[in-house]
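Subject: Structure handover

Hello,

Here is the structure for you to look at. Please open it before reading on.

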Amino acid sequence: MQDTPSVIEINNLHKSYGELEVLKGVDINAHRGDVVSLIGSSGSGKSTLLRCANLLEDSQQGDILFKGEPVLWKGNAHHRRPADAKQVLRIRTNLSMVFQQFNLWSHMSILQNVMEAPVTVLGRPRDEVEEAARGYLQKVGIGDKCDVYPAQLSGGQQQRAAIARALCMEPEALLFDEPTSALDPELEQEVVRVIKDLASEGRTMLIVTHDMKLAHDVSDHVVFLHQGLIEEQGPPDTLFGSPKSERLRGFLSATH
Ligand code: ADP
Ligand code: MG
């Protein structure tokens, strides 16, 4: 949606781990309400790109803008890091991540898991957060699981709890890193349904996924990464329906 403002804009991003150049000049732009999916082989740099976007990783070169506000850096081209801790906190809390392995706190109930960051990181009033948390757990279909611990839930329920936790931060965008990869196929679908609901509500999302049907069904724009560069990108019907590059064609036939 070109007529809405950019929530996340990344220009010419370069990221290395030592000698290993993982991102070699990548551009991503998600306007408000956009769902952008990242696909590509294992090791192509998808997770690294998400982690750079919400400043969990430093990078060497390029611009990252949150709602038009550029991340400020200090250091040099070989080793730069964000200069402003408050800006990092603002951006990170506004780009809520959902991980492949759920990452729920095992010693906290599901409700406590969802409430923890809004209360401790954002300093929001506990009673207000509790009401919101119960609402989000309801929304993802596990409103009856508030008082149980993560180990008592199926993988699909745990991932839905992790999505409720991300939502309870009331972020500008959600970042998903292979949210269904750790799940059995039948549990995968309950998480896919939640992601589709969020897409239809017009939430801004960046989704790394191996699930081409999900990428096709929910995305406004799909980006195919190959060895740290965008090999091809476009609307899902075009990208999946008439892929141009040999590599994308190979990748798509290997994933079916
Ligand atoms: P993808 O998510 O597309 O599978 P990643 O972004 O996880 O790819 O990884 C891209 C490359 O970066 C891989 O070669 C991986 O081994 C390497 N890599 C990722 N994280 C680290 C790290 N913390 N230290 C060193 N190398 C890393
Ligand atoms: Mg990954």
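Below is what was found in it, from the overall fold down to single residues.

**Overall**

This is a predicted model. The protein chain has nine helices and twelve strands. Its C-alpha atoms fill a box of roughly 50 × 45 × 40 Å along the principal axes. A compact globule with 256 residues would have a radius of gyration near 18 Å, and the protein chain has 18 Å, so the two agree. Buried residues account for 39% of the 256 residues. Take the contacts between residues at least 6 apart in sequence: 64% of them join residues at least 24 apart.

UniProt, in an unreviewed entry, lists residues 8-252 as "domain: ABC transporter". That span is 38% helix and 27% strand. The C-alpha atoms at its two ends lie 27 Å apart.

**Ligand 1**

Which residues sit around ligand 1? They are Tyr-17, Leu-20, Val-22, Gly-40, Ser-42, Gly-43, Ser-44, Gly-45, Lys-46, Ser-47 and Thr-48. By class, the shell divides into three nonpolar residues, seven polar and one charged. Two elements, β2 (20-31) and α1 (46-53), each supply at least two residues of the shell. The largest share comes from α1, with three residues.

**The sheet with β2**

Strand β2 also belongs to an open sheet of four strands. The order is β2-β1-β4-β5, and the pairing is antiparallel. β2 and β5 (69-70) stand at the edges with a single partner strand each, so one side of each has no neighbour in the sheet. Strand β1 (residues 6-17) pairs with β2 over nine bridges, in the antiparallel sense. Within that pair, Glu-9 stands opposite Asn-29 in β2.

**The β11-β12 hairpin**

Further along the chain, β11 (residues 221-226) and β12 (residues 229-234) run antiparallel and are joined by five bridges. They form a hairpin with two residues between them. Gln-227 in the turn has a positive phi of about 45 degrees.

Gln-233 is found in strand β12. Its bridge partner is Val-223. Is Gln-233 buried, exposed or partly exposed? There are 19 other C-beta atoms within 10 Å of Gln-233, and buried takes 20 or more, so Gln-233 is partly exposed. Leaving out residues up to four places away in sequence, Gln-233 touches His-221, Val-222, Val-223, Phe-224 and Leu-239. Gln-233 and His-221 are twelve residues apart in sequence, with 7.2 Å between their C-alpha atoms.

**Helix α3 and the loop before it**

Helix α3 covers residues 110-120. Its buried residues are Ile-110, Asn-113, Val-114, Met-115 and Pro-118. They pack against α4 (126-139) and α5 (155-167).

Ser-109 lies in the loop between β8 (95-98) and α3. With 18 C-beta neighbours inside 10 Å, Ser-109 counts as partly exposed. Ser-109 touches Cys-146, Asp-147, Val-148 and Tyr-149, not counting residues up to four places away in sequence. Ser-109 and Lys-145 are 36 residues apart in sequence and 8.7 Å apart in space, C-alpha to C-alpha.

**Backbone angles to check**

Most residues other than glycine have a negative phi. Two loop residues deserve a look here.

- Leu-55 is not a glycine, yet has a positive phi of about 65 degrees. Leu-55 sits in the loop between α1 and β4 (61-66). Leu-55 has 19 C-beta neighbours inside 10 Å, so it counts as partly exposed.
- Glu-178 is not a glycine either, and its phi is positive at about 50 degrees. Glu-178 sits in the loop between β9 (173-177) and α6 (185-200). Glu-178 has 20 C-beta neighbours inside 10 Å, so it counts as buried.

What puts these two residues in separate burial classes? The count for buried is 20 or more. Glu-178 has 20 and is therefore buried. Leu-55 has 19 and is therefore partly exposed.

Best regards

Key
Residues numbered from 1 in each chain as written. Chains lettered and ligands numbered in written order. Predicted model: local features only at pLDDT ≥ 70, side-chain atom pairs only at ≥ 80, totals over all residues. Near = placed C-beta within 6 Å. Nonpolar A, V, L, I, M, F, W, Y, C, P; charged D, E, K, R; others polar. UniProt positions renumbered as here; feature names shortened; annotations may be inferred. Pairing = 2+ DSSP bridges. Buried ≥ 20, exposed ≤ 12 C-beta atoms within 10 Å, placed from the backbone. Contact = placed C-beta atoms within 7 Å. Rg over C-alpha atoms; globule rule 2.2 N^0.38 Å.
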